[in-house]
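This report describes one protein model, beginning with a pair of packed helices. The sequence and structure are shown below.

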Amino acid sequence: MSTRRPTEPYPRQPYRADSDGRHDIAIANCEECGDEFDLTASDPRTQVCAPCWDRSLDAIETAFLDNYAKFGAKAHRTVAEALFRSQALADPDDRKVIGMRIVEEYLNAAQDLMALYVALRRRHEQPLLTTFTNFELNAPSVAAFRILTSGRSADDLLRDLQLPTLADVDAARGEIPRKDWRQFAGAVLTISNGIERVQKVDQGVLLELADGLKQSSALTHKMDWLPDRAMNPDQVALVVLNQRRRVLLTHALAIHEPQLEVFIDAIDKITGAARDLIWLYLHVRDTIALDDPQPGTT
Ligand SMILES: [Zn+2]
């Protein structure tokens with residue numbers, strides 16, 4: 001028998017084109033504007049310069065947000081509710097798996113709303129899409145979000161996002177249609193409720209679980225096969241092997257129907273907040289654009 005080790009089917013390190021040694025050509029011409037740009041810090045296949053790239057992201061911002069509000073945000077709720085309905089007919093072990101997936105949808109929805117908030121807040125510094133799609137739910141990002149939002153009133157949150165507050169809209173109540181005022185007031189309430197639910201993400205094992213889910217999808221319903229571990233019969237656990245620390249981590253979660261209902265309700269509030277935050281931002285931006293024509297266009 002050959003003593004050669006079998007060929008590794010997957011690279012041990014993720015492929016990182018950006019750091020694949022030195023590039024032969026470090027300067028390229030942008031396909032959009034024709035300007036030269038430095039390739040040394042980018043993938044050698046990059047075709048556009050950084051300013052053109054940012055402009056192209058800004059150009060699709062409205063369509064992206066509109067699509068996300070109508071489809072992406074709702075997707076978390078659709079999946080969680082379908083899972084919850086299927087739970088009733090499932091056997092106890094399957095119920096645990098389904099329960100874990102519902103919690104996963106809560107974490108996904110929470111990540112999206114935090115990402116949206118931070119992206120709106122930084123919209124004058126970098127394209128909204130860049131912040132939104134690069135946002136990661138982890139202990140530092142959740143702690144930073146908590147500092148930004150904890151204990152803040154709805155108006156504080158809106159001010160932080162440089163959006164009109166409820167007080168601003170109340171002051172203009174006589175000038176805006178009643179329907180618009182009601183929609184605005186409703187959106188403000190939905191946004192602050194959703195943000196309140198997102199803040200609960202750092203409770204219990206949720207944050208550790210979010211981290212573990214990025215590394216492993218191995219679930220177990222018992223731990224008697226693991227030395228010095230135990231779990232309750234109503235729990236499900238995620239098994240994560242941390243190769244660097246040479247430890248095996250387990251994140252156990254109790255799955256009860258009333259608790260899952262709390263998660264379903266939270267997903268509903270969080271996705272509603274994302275939808276209304278987008279509506280508010282796009283609505284305000286369009287209104288301001290109508291009120292303040294570009295210089296030279298009047
Ligand atoms: Zn360019």
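## Helix packing and selected residues

H2 crosses H3 in a left-handed manner; a crossing is left-handed if the near helix is turned anticlockwise from the far one by less than a right angle, and right-handed if clockwise. The model is a predicted one, in which local features need pLDDT of at least 70, side-chain atom pairs count only at pLDDT 80 or more, and totals for chains, interfaces and linings use all residues. Residue numbers start from 1 along each chain as its sequence is written.

The protein contains 10 helices and 5 strands. Helices (H or I, at least four residues) and strands (E, at least two) are DSSP runs, numbered from the N terminus. Of its 298 residues, 27% count as buried. A residue is buried if 20 or more other C-beta atoms lie within 10 Å of its own, exposed if 12 or fewer, and partly exposed in between, with C-beta atoms placed from the backbone. Among contacts with a separation of 6 or more, 60% are between residues 24 or more positions apart. Two residues are in contact if their C-beta atoms, placed from the backbone, lie within 7 Å.

**Helix H2 and its partner.** H2 covers residues 61-87, which is 27 residues. From first C-alpha to last, H2 reaches 38 Å, close to the 39 Å expected at 1.5 Å a residue; the expected span is 1.5 Å times one less than the number of residues. H2 has a kink of about 50°, centred on Tyr 68. The bend at a residue is the angle between axes fitted to the seven residues ending there and the seven starting there.

H3 spans residues 92-121 and packs against H2 at an angle of about 165°, with the axes 9 Å apart. Axes are lines fitted to C-alpha atoms, for helices over the stretch in contact, and angles run from 0 to 180 degrees between N-to-C directions. The two helices are therefore roughly antiparallel to each other; angles under 35 degrees count as roughly parallel, over 145 as roughly antiparallel, 65 to 115 as roughly perpendicular and the rest as oblique.

The H2 residues that meet H3 include Ala 73, His 76, Ala 80, Leu 83 and Phe 84, and these five names also appear among the buried residues of H2. On the H3 side, the residues met include Ile 98, Ile 102 and Ala 109.

**Individual residues.** Gly 99 lies in H3. Apart from neighbours within four places in sequence, Gly 99 is in contact with Val 236, Ile 255 and Leu 260. Phe 71 is located in H2. Gln 162 sits in the loop between helix H6 (154-160) and helix H7 (166-171), and Arg 246 in the loop between E4 and E5. Gln 162 is not a glycine, yet has a positive phi of about 55°; Arg 246, also not a glycine, has a positive phi of about 55°.

| Residue | Other C-beta atoms within 10 Å | Class |
|---|---|---|
| Gly 99 | 25 atoms | buried |
| Phe 71 | 10 atoms | exposed |
| Gln 162 | 12 atoms | exposed |
| Arg 246 | 7 atoms | exposed |

Gly 99 and His 256 are 157 residues apart along the chain, with their C-alpha atoms separated by 8.1 Å. Phe 71 and Arg 275 are 204 residues apart in sequence and 9.4 Å apart in space, C-alpha to C-alpha.

**Helix H9.** In H9 (residues 206-215), the buried residues are Leu 206, Leu 207, Leu 209, Ala 210 and Gly 212. Their cover includes H3, helix H5 (139-149), strand E4 (235-242) and strand E5 (247-254).
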